[in-house]
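I opened this notebook to record what I looked up in one structure. Each entry takes a topic and sets down what I found.

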Amino acid sequence: MKSLIAASFLSFAMVMPALAAPRLGSEAPDFEAVSTNGEAVKLSDIDGVVVLEWTNDGCPFVKKHYESGNMQATQKTLTEGGAKWITIISSAPGKQGYVDAEEANSIAAEHGAMPDYTILDPTGDIGKLYKAQTTPHMFVIEDGILEYAGAIDSIPSGNPADIERAENYVLSAFADIQAGNEVQTASSKPYGCNVKY
């Protein structure tokens with residue numbers, strides 16, 4: 001009987017492939033969640049450009065971009081340009097970066113961060129849907145289509161001094177979209193701390 005159950009499970013596992021990573025130029029995986037301010041958020045209900053940012057306040061690479069003001073400046077440019085910014089925290093309970101809604105809002109206020117929504121994802125469901133690997137890991141979506149995925153910039157270091165000479169891939173992707181052009185750098189290897197699933 002056990003071998004029959006095992007065989008059935010194996011057959012099912014083979015039929016049900018693991019979720020593939022989102023594909024550039026294809027529809028971005030949809031999700032629904034509740035923000036830290038209690039707002040219902042459904043990705044497919046948001047028109048225009050949407051940025052997804054995976055974060056973890058305890059990560060040195062996240063600190064690099066927030067303590068320097070780089071992430072906030074990027075948020076400001078995009079949101080003033082009409083984009084919606086969604087910050088996602090996929091740290092599991094007991095892992096680095098895990099916070100509740102009140103703590104997440106307090107951290108954002110302390111940093112002067114300006115996301116439109118912050119979403120807690122302690123089960124990792126949204127993170128795994130996007131195959132988010134690092135904090136930060138950035139995704140730029142236009143009208144439901146994934147246009148950019150990867151690092152925030154071109155220099156994978158924890159040194160704030162590198163920010164000024166790096167290309168900000170998120171800003172570049174947004175500029176290309178606004179100009180009606182194809183995103184020139186549509187993907188890059190994300191760098192930072194592993195997402196703490």
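**Entry 1: the disulfide**

Is C193 buried or exposed? I looked up its relative accessibility in this predicted model, and the value is 11%, so C193 counts as buried. Buried here means under 20% relative accessible area.

I then searched the whole structure for disulfides and found one. C59 and C193 form this disulfide, with their sulfur atoms 2.2 Å apart. The pair connects distant parts of the chain: C59 sits in the loop between strand 3 (49-54) and helix 2 (60-67), while C193 belongs to strand 9 (residues 193-194), and the two are 134 residues apart. For my own reference, I noted that a disulfide is a covalent bond between the sulfur atoms of two cysteines.

I also asked about its handedness. The torsion about the S-S bond of C59 and C193 is about 90 degrees, and therefore the disulfide is right-handed. The partner C59 has a relative accessibility of 0%, so C59 counts as buried.

**Entry 2: the chain as a whole**

How many helices and strands does the chain have? I counted six helices and nine strands. The radius of gyration of the chain is 18 Å, close to the 16 Å that the globule rule gives for 197 residues, so the chain is as compact as a globular protein of that length. Along the principal axes, the C-alpha atoms fill a box of roughly 65 × 40 × 35 Å.

I noted that 43% of the 197 residues count as buried. The accessible surface comes to about 10,200 Å², and carbon and sulfur atoms hold 53% of that area. Of the contacts between residues at least 6 apart in sequence, 74% join residues at least 24 apart.

**Entry 3: aromatic pairs**

I searched for aromatic pairs and found six in the structure. For W54 and Y130, the ring centres are 5.8 Å apart and the planes stand at 45 degrees, so this pair is tilted. The cut-offs explain the word: planes under 30 degrees apart count as stacked, over 60 as edge-to-face and the rest as tilted. W54 lies in strand 3 and Y130 in helix 5 (residues 125-130), so the pair ties together parts that are 76 residues apart in sequence. Both W54 and Y130 are buried.

I turned next to F61 and Y191, an edge-to-face pair with 5.9 Å from centre to centre and 75 degrees between the planes. F61 is in helix 2 and Y191 is in the loop between helix 6 and strand 9, so this pair ties together parts 130 residues apart in sequence. F61 has 22% relative accessibility and therefore counts as partly exposed, whereas Y191 is buried at a relative accessible area of 8%.

I also recorded a cluster in which ring pairs link F31, W54, Y130 and F139.

**Entry 4: around S157**

Where does S157 lie? I located S157 in the loop between strand 8 (145-150) and helix 6 (169-178). S157 has a relative accessible area of 16% and is buried.

Its side chain takes part in two entries of my list. A polar contact of 2.5 Å joins the side chains of S157 and D162. A polar atom of the S157 side chain also lies 3.1 Å from the backbone nitrogen of N159. Apart from its neighbours within four places in sequence, S157 is in contact with F61, K64, D162 and Y191.

**Entry 5: helices 3 and 4**

Which residues of helix 3 (residues 70-80) are buried? I listed N70, M71, Q72, T74, Q75 and L78. These buried residues pack against strand 3, helix 2, strand 4 (84-89), helix 4, strand 7 (137-142) and helix 6. After helix 3 comes G82, with a positive phi near 105 degrees.

For helix 4 (residues 101-111), I found that D100 caps the N-terminal end, with a side-chain oxygen 3.2 Å from the backbone nitrogen of E102. Helix 4 is followed by G112, which has a positive phi near 70 degrees.

**Entry 6: G69**

My last search placed G69 in the loop between helix 2 and helix 3. G69 is partly exposed, with a relative accessible area of 25%. The C-alpha atoms of G69 and P160 are 9.8 Å apart in space, although the two residues are 91 residues apart in sequence.

Conventions. Residues numbered from 1 in each chain as written. Predicted model: local features only at pLDDT ≥ 70, side-chain atom pairs only at ≥ 80, totals over all residues. Heavy atoms only, no water. Disulfide = S-S within 2.5 Å. Helix = DSSP H or I, 4+ residues; strand = E, 2+ residues; numbered from the N terminus. Buried < 20%, exposed > 50% of the residue type's maximum accessible area, 1.4 Å probe, protein only. Polar contact = N/O pair within 3.5 Å; in protein donor to acceptor, adjacent residues only side chain to side chain. Contact = heavy atoms within 4.5 Å. Rg over C-alpha atoms; globule rule 2.2 N^0.38 Å. Areas by Shrake-Rupley, 256 points an atom, 1.4 Å probe, with all protein chains shown as cover. Phe/Tyr/Trp six-rings, centres within 6.5 Å; stacked < 30°, edge-to-face > 60°.
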